[in-house]
Amino acid sequence: MSKHRFSEAEIQAVYRVIGERRDMRHFLSTPVNPDILHRVLQAANQAGSVGLMQPWRFIRISKVSLRQSIHALVEQERRLTAKALGEREDEFMRLKVEGILECGELLVVALADKREQHVFGRRTLPDMDLASVACAIQNMWLAARAEGLGMGWVSLFDPEALARLLNMPAGSQPVAILCLGHVESFYEKPMLEIERWARPQPLENLVSENSWPTQE
Ligand SMILES: Cc1cc2nc3c(=O)[nH]c(=O)nc-3n(C[C@H](O)[C@H](O)[C@H](O)COP(=O)(O)O)c2cc1C
């Protein structure tokens, strides 16, 4: 056994937070303690990033009118997404896909501008900046869950329209709207599974050895 291992209780806590993290769309409007928000953002900033470029930027939305404008953008894209889904349009429209107006804190996470200066790890894979932002958001999701807060990742928006709304510079790009806040309870399973929209695959279906799996 490794001498670097955490205590048994600490290990269980890590796996528990991973297992009980949920993408949340139902929130209470109770405010989020600023110290907790700070810790969650610190967790984000401790994520790994390609070449240590920290491509993430976090914009806290505190103006009510701006929150409403963001909600309107998401609503517009939700309708377009529903149309694009064809026969599942009505089913999609019945799903709750965001909690923007209810959540205690609303954040927009963006890729910074001038990313072309960072070549390390991105010469052949420029998307690794986006992968780094995803790592930061995952850290937030886990830290928030441990703090007893829910977080919902919303990607239903036109990035150019959101960038305009937030006065973002050329070369930057919003990648996530995050709803953060207190919740009545956490979903026991992914909400899309509960609503029978999708079913997660077991690990065995997704792991292979030495090559891409052959068709049986
Ligand atoms: C990159 C990314 C974008 C997502 N965008 C949305 C979204 O726009 N609306 C939504 O309701 N859920 C969104 N989700 C949440 C997923 O639907 C959710 O993670 C998935 O159903 C599994 O549920 P769980 O996170 O509770 O395990 C997003 C998740 C990720 C990782």
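**Notes on a predicted model: loop, sheet, helix and ligand shell**

1. Phenylalanine 186 lies in the loop between β4 and α7, the latter covering residues 191-194. The model is a predicted one, and this residue offers a convenient place to begin reading. With 14 other C-beta atoms within 10 Å, phenylalanine 186 is partly exposed. Leaving aside residues up to four places away in sequence, phenylalanine 186 touches Glu20, Arg22, Met24 and Gly150. Lysine 3 stands 183 residues from phenylalanine 186 along the chain, and the C-alpha atoms of the two are separated by 35 Å.

2. A second residue to look at is glycine 181, which lies in strand β4. Is glycine 181 buried or exposed? Glycine 181 has 23 other C-beta atoms within 10 Å, and because 20 or more count as burial, glycine 181 is buried. Its contacts, not counting residues up to four places away in sequence, are Phe27, Leu28, Val32, Cys103, Gly104, Glu105, Leu149 and Gly150. For phenylalanine 27, the separation from glycine 181 is 154 residues in sequence but 6.3 Å in space, taken from C-alpha to C-alpha.

3. The strand β4 belongs to an open sheet of 4 strands, arranged in the order β1-β2-β4-β3 with antiparallel pairing. The edge strands of this sheet are β1 and β3, each of which pairs on one side only. On average, and with direction ignored, neighbouring strands of the sheet are turned by 25° against each other.

4. The pairing can be followed strand by strand. The antiparallel strands β1 and β2 are joined by 6 bridges, and phenylalanine 58 stands opposite valine 109 in β2. Between β2 and β4, which also run antiparallel, there are 7 bridges; here alanine 110 stands opposite proline 174 in β4, while glutamate 105 stands opposite leucine 180 in β4. Of the 7 residues of β2, 6 are buried, so this strand is largely enclosed by the rest of the structure.

5. Helix α5 takes up residues 128-146, and its length can be checked against expectation: at 1.5 Å a residue its 19 residues should span 27 Å, and the end C-alpha atoms are 27 Å apart, which agrees. After α5 comes glycine 148, whose phi is positive, near 90°.

6. Which residues of α5 are buried? They are Asp129, Ser132, Val133, Ala136, Ile137, Met140, Trp141, Ala143, Ala144 and Arg145. In an α-helix there are 3.6 residues a turn, so residues three or four places apart point the same way. The buried residues of α5 pack against two helices, α1 (8-20) and α2 (34-45), and against the strands β1 (56-61), β2 (105-111), β3 (150-154) and β4 (173-181).

7. The last point concerns the ligand and the residues around it. Those residues are Arg22, Asp23, Arg25, Val97, Glu98, Trp153, Val154, Ser155, Leu156, Pro190 and Leu192. By character, the shell around the ligand divides into 6 nonpolar, 1 polar and 4 charged residues. Arg22 is thus a residue to view twice, being listed around the ligand and also among the contacts of phenylalanine 186.

Key. Residues numbered from 1 in each chain as written. Predicted model: local features only at pLDDT ≥ 70, side-chain atom pairs only at ≥ 80, totals over all residues. Near = placed C-beta within 6 Å. Nonpolar A, V, L, I, M, F, W, Y, C, P; charged D, E, K, R; others polar. Expected span 1.5 Å × (residues − 1). Buried ≥ 20, exposed ≤ 12 C-beta atoms within 10 Å, placed from the backbone. Contact = placed C-beta atoms within 7 Å. Pairing = 2+ DSSP bridges. Axes fitted to C-alpha atoms, helices over the stretch in contact; angles between N-to-C directions.
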